[in-house]
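User: I've got a new model open. Can you walk me through it?
Analyst: Sure, here it is.

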Amino acid sequence: MDLTTTYLGMKLRSPLVPSASPLSEDIDNIQRMEEAGAAAVVMHSLFEEQLLLERYELHHHLTQGTESFPEALTYFPDSMSFRVGPETYLAHIQKAKQKVSIPIIASLNGSSVGGWINYAQQIQQAGADALELNIYYVPTDIELTSNEIEQTYLDIVRAVKAAVTIPVAVKLSPYFTNTANMAKRLDEAGADALVLFNRFYQPDINLNLLEVEPNVLLSTPQSMRLPLRWIAILYGHIHADLAATSGIHRGEDALKMLMAGAKITMLCSVLLRHGINHIRVIEQEMRQWMQEHEYESVQQMQGSMSQKHCPNPSAFERAQYMRSLTTYQPIRFS
């Protein structure tokens, strides 16, 4: 049974790829991922704020006593908030490449062109096989238009693509006015793959401390519905590879994403919940289903249930919404 797939020009042993998470901060974990069957690994993210903080701290020490900007450093997170600095991140890539044979995909997380260009080049020099741009952008300026927001994404992609030769994937949020059009424009800007979707972590309010605090909620299998829908819609309409992330917990989840048109399925929450060895479980579930339904390869199913190829293309659009509401029967209580 052939589970191989291609992603970002690389042939992978299966579609199962751990996405960016704290797990990859440990080289031993990356080795365990390879042993468990991971086809590639997306490294934990290097944040734009880390690059800016490093720059300002250097300037602070070079100009100490000149009173050039006494409060500037207070605008950035404390350096202790980050587990690794930029130089450590680059060394981590080099060490990972020495320890495993599967592709290593670096991750840059930010919202502006900033210092990404320089570090994208250094990441390539460190040996990364590809780069994922995790553009995590929450616009709060009420004067900022959708055109300006979208242009920022396009500028980042074009700038990074001009700076490196390794493949570049873009991890997107689902909050564009027209996701299909934005995917097309990113494809035209040079993105080699689109990762659908980034999950924006929402803050919470601590009623005891009266503070706003971070609240990380791991995904559930229900979270996969949104990326599944858009991958199915986009399949066959853009050249960039499509990668699915969010909500993939079981073999059947991965199979559905592949049928929608994904080249790979990324794993995060399920590994944080059940451990790295759960990759084996998901692969075995995929193999069992494929054997029972007489599928010989992953390529055989990829895109088979996309909007382009499924028996009812309207199922991914408004018609299915109306059908869902008109056929739903609420529970009757006595």
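## Working through the model

Analyst: Let's start with one residue. Ser-45 sits in strand S4. Keep in mind that this is a predicted model.

User: Is Ser-45 buried or exposed?

Analyst: Buried. Its relative accessible area is 12%, and the cut-off for buried is under 20%.

User: Which side chain does Ser-45 make a polar contact with?

Analyst: That of Ser-107. The polar contact between the two side chains is 2.7 Å.

User: OK, zoom out. How many helices and strands in the protein?

Analyst: Twelve helices and twelve strands. The protein has 334 residues, and 48% of them are buried.

User: What about the accessible surface?

Analyst: About 17,500 Å². Carbon and sulfur atoms account for 51% of that surface.

User: And contacts, in terms of sequence separation?

Analyst: Take contacts between residues at least 6 apart in sequence. Of these, 72% join residues at least 24 apart.

User: Now the sheet. What is the strand order?

Analyst: S3-S12-S11-S8-S7-S6-S5-S4. That is an open sheet of eight strands, with parallel pairing.

User: Which strands stand at the edges?

Analyst: Strand S3 (16-18) and strand S4 (41-47). Each has a single partner strand, so one side of each has no neighbour in the sheet.

User: By how much are neighbouring strands turned?

Analyst: By 30° against each other on average, direction ignored.

User: What packs on the sheet?

Analyst: Helix H5 does. H5 touches strand S6 (130-135) and strand S7 (168-172). The direction of H5 makes about 160° with that of S6.

User: Let's look at S8. How many bridges join it to S11?

Analyst: Four, and S8 and S11 run parallel. Leu-196 stands opposite Ala-244 in S11.

User: How does S8 pair with S7?

Analyst: In the parallel sense, over four bridges. Val-170 has Leu-194 in S8 as its bridge partner.

User: Are the faces of S8 covered or open?

Analyst: Both faces are covered. Ala-193 and Val-195 are buried on one side, Leu-194 and Leu-196 on the other.

User: Leu-194 again. Where does it come into the nonpolar core?

Analyst: It is one of two residues with the most contacts inside the largest nonpolar core; Leu-133 is the other. That core has 82 residues.

User: Which helix gives the most to this core?

Analyst: Helix H5 (residues 146-163), with seven residues.

User: Any other core?

Analyst: Another one lies apart from it, with 17 residues. Ala-39, Ala-169, Val-195 and Met-266 are among them.

User: Why do such cores form a pattern in general?

Analyst: In soluble globular proteins, nonpolar side chains tend to be buried together.

User: Back to Leu-133. What is it in contact with?

Analyst: Setting aside neighbours within four places in sequence, the list includes Leu-108, Trp-116, Ile-156, Val-157 and Val-160. Val-168, Ala-169, Val-170 and Lys-171 are on it too.

User: Switch to helices. Why is H7 described as largely enclosed?

Analyst: H7 (residues 225-234) has ten residues and seven of them are buried, so the rest of the structure largely encloses this helix.

User: Which ones are buried in H7?

Analyst: Pro-227, Leu-228, Trp-230, Ile-231, Ala-232, Ile-233 and Leu-234.

User: What do the buried residues of H7 pack against?

Analyst: Two helices and two strands: helix H6 (179-189), helix H8 (251-260), strand S8 (193-196) and strand S11 (241-244). H7 is followed by Gly-236, with a positive phi near 85°.

User: Where is Ile-123?

Analyst: In helix H4 (residues 116-125). Ile-123 counts as buried, at 0% relative accessibility. Beyond four places in sequence, its contacts are Tyr-89, Leu-90, Ile-93, Ala-106, Leu-108, Ala-128 and Leu-131.

User: How far apart are Ile-123 and Ala-91?

Analyst: 32 residues in sequence, and 9.5 Å in space, C-alpha to C-alpha.

User: Last one. Where is Gln-302?

Analyst: In the loop between helix H11 (298-301) and helix H12 (318-327). Gln-302 counts as buried, at 14% relative accessibility.

User: What does the Gln-302 side chain make a polar contact with?

Analyst: The side chain of Thr-5, at 3.0 Å. Not counting residues up to four places away in sequence, Gln-302 touches Thr-5, Tyr-235, Leu-258, Met-259, Ala-262 and Lys-263.

Key: Residues numbered from 1 in each chain as written. Predicted model: local features only at pLDDT ≥ 70, side-chain atom pairs only at ≥ 80, totals over all residues. Heavy atoms only, no water. Buried < 20%, exposed > 50% of the residue type's maximum accessible area, 1.4 Å probe, protein only. Polar contact = N/O pair within 3.5 Å; in protein donor to acceptor, adjacent residues only side chain to side chain. Contact = heavy atoms within 4.5 Å. Core = buried A, V, L, I, M, F, W, Y, C linked by side-chain atoms within 4.5 Å. Pairing = 2+ DSSP bridges. Axes fitted to C-alpha atoms, helices over the stretch in contact; angles between N-to-C directions. Areas by Shrake-Rupley, 256 points an atom, 1.4 Å probe, with all protein chains shown as cover.
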